[in-house]
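Visitor: I'd like a quick tour of this one, if you have a few minutes. Could you take me through it question by question?

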Amino acid sequence: MIRVQQAPFDTGEEQRRLLAGRTDIGAVVSFTGLVRDFNERPEVTALSLEHYPGMTEAALGEIVCGAEARWPLQGVRVIHRVGRLAPGDPIVLVVVASAHRRAAFEACDFIMDYLKTRAPFWKKEHSTTGDYWVAERESDYRDAGRWESDNDDTP
Amino acid sequence: MTLTHLNQRGEAHMVDVADKPESRREASASGYIQMKPETLALLSEGGLPKGDVLATARIAGIQAAKRTHELIPLCHALALSKVTVDFRLDEENSRVEVFASCRLNGRTGVEMEALTAVSVACLTLYDMCKAVDKDMEIGAIHLDTKQGGKSGDYQRQAHTSATPIVTGEGMAGQVSVGTRCDIDSACVRVKFLAELRERLGISELSLPLDSLPSADVGGLKAALVKRDARFAKLTEGRVLCAVNQVMALDPTPITNEDEVAFFPPVTGG
């Protein structure tokens, strides 16, 4: 299940819903991304997240399909917020359920790496010294590249 | 929001900047002087009685920037590190566009200097050309960008552009979807997202398909650049493209009613 929304989300509630009525799930891993109060500049006061409606949902769907093709997963939830957020606010949630922990850990990591490099979201940070658009990071591409190089080793 | 040049009693005063940290300050401003097409032709051919009009106006603009504090009562005297004044002869609209930018490392902004440079360059153009044209009109003198300082960076939105090509407004955090072509013939809908939208000052437009030299993304870029030089930004640096919301490259074909989006590298998560 994939959602793009302005409203905050409740990690516990989302995980409970994913697991409701299931007894075949042996492991659930969740990742929550938060707004930091420092990034390219200190004293970030707010963040505006923009996305490309339609393409965003399609890109996230493709990333989840990619994860499901690589690991035996029993449930995935991805929620990404848009609009104006304050430091400490949750931005993104990825919950992955599987029979075994390794698959759940790796699939969650994979989804976040691909989300950061392929899903059409853009962050604008508002700081005490002005507003600026966040620049892409080389390290994010290196992280996503890991999943391409060790393609053959993954079950 | 308060007026910094008024003290608590509402009297004009000069802001004490001694305790402000030094930082790199830059500002750019522009304006234009409208004239008869014959005057513009004389100016570009160098046939005006007072000689090289643009060179003179450029020097006048630079000199004016340096002396802004003598003209504007509460401005500080600044040791500018750079002043540029440039002109663009706009034959279509029969005007000379004037651009100025100023820079320094210091404690106060340089937007007044850039605006003064544009104003005085325009006045000098008037003086140099008035023998042949007294109807000239100076207009649209405004700040374009400002960087550095406590109040943060400023970029003027291009909605007041002389030839508006904006067909829709995008708010930060939102992009309108599903707009139909606003032209009758076969056309392509183009969107500009995030930072690219702000840099170009436009969120979307429609273009007749037959104005593309080739019916693909590369052809669309060429048609956009031909329409307005600022679209050259689409070919600089990392600009990504999607056709009908699927990632695309220059050879990706475009057909009638396609939605093409240009955007910077993604930064979500």
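Visitor: Let's start at a helix end. Which residue caps the N-terminal end of helix 1 of chain A?

Guide: Bear in mind that this is a predicted model. Helix 1 of chain A covers residues 11–19, and G21(A), with a positive phi near 75°, follows it. At the N-terminal end, a side-chain oxygen lies 3.0 Å from the backbone nitrogen of G12(A), and the residue that owns this oxygen is D10(A).

Visitor: On to the contact between the chains. Which three residues supply more of the area that chain A buries against chain B than any other three?

Guide: The contact takes 30 residues from chain A and 28 residues from chain B. About 2300 Å² is buried between the two chains, and carbon and sulfur atoms give 54% of that. On chain A's part, 29% comes from Y52(A), W122(A) and W133(A).

Visitor: And which element of chain A gives the most to the side that touches chain B?

Guide: Polar contacts link 17 residue pairs between chain A and chain B, both partners being at pLDDT 80 or more. On chain A, at least two residues each come from strand 3 (44–51), strand 6 (90–98), helix 3 (101–118), strand 7 (121–127) and strand 8 (130–133). The top contributor, with five residues, is helix 3.

Visitor: How do the residues of that side of chain A divide by type?

Guide: Seven are charged and seven are polar. The rest of the division is nonpolar, and that group numbers 16.

Visitor: Now for charge pairs. How far apart are the closest N and O atoms of E50(A) and R197(B)?

Guide: Side chains of opposite charge can pair when their charged atoms come close. Over all chains the structure holds 24 salt bridges, and three are found across the interface of chain A and chain B. E50(A) and R197(B) form a salt bridge, with their closest N and O atoms apart by 2.8 Å.

Visitor: Which residue of chain B meets E136(A) in a salt bridge?

Guide: E136(A) sits in the loop between strand 8 and helix 4 (138–149) of chain A. Its partner is across in chain B, in the loop between helix 6 (217–227) and strand 8 (240–243). The N to O distance is 2.8 Å, and the partner is R238(B).

Visitor: Last stop, the second largest pocket. Which element gives the most to its lining?

Guide: This pocket holds about 940 Å³ of space. Its lining has 25 residues, with T4(B), H5(B), K20(B), G109(B) and E111(B) nearest the centre, and divides into ten nonpolar, eight polar and seven charged. Helix 4 (111–129) and strand 4 (137–147) of chain B each supply at least two lining residues. With four residues, the one that gives the most is helix 4 of chain B.

Notes:
Residues are numbered from 1 along each chain as its sequence is written. Chains are lettered from A and ligands numbered from 1 in the order in which they are written. This is a predicted model: local features need pLDDT of at least 70, side-chain atom pairs count only at pLDDT 80 or more; totals for chains, interfaces and linings use all residues. Side-chain values use heavy atoms; hydrogens and water are left out. Contact means heavy atoms within 4.5 Å. Buried area is the accessible area (1.4 Å probe) that two parts lose on being put together, summed over both. A salt bridge is a side-chain nitrogen of Lys or Arg within 4 Å of a carboxyl oxygen of Asp or Glu. A polar contact is a pair of N or O atoms within 3.5 Å; within protein, one must be able to donate a hydrogen and the other to accept it, and residues adjacent in sequence count only if both atoms are side-chain atoms. Ala, Val, Leu, Ile, Met, Phe, Trp, Tyr, Cys and Pro count as nonpolar, Asp, Glu, Lys and Arg as charged, and the others, Gly among them, as polar. On a 1 Å grid over the protein atoms alone, a cavity is a set of points where a 1.4 Å probe fits but cannot get out, and a pocket is an open set with protein on both sides within 12 Å along at least five of seven lines; lining residues have an atom within 4 Å of a point. Grid points are joined across faces, edges and corners, and a volume is the space filled by probe spheres set on the points.
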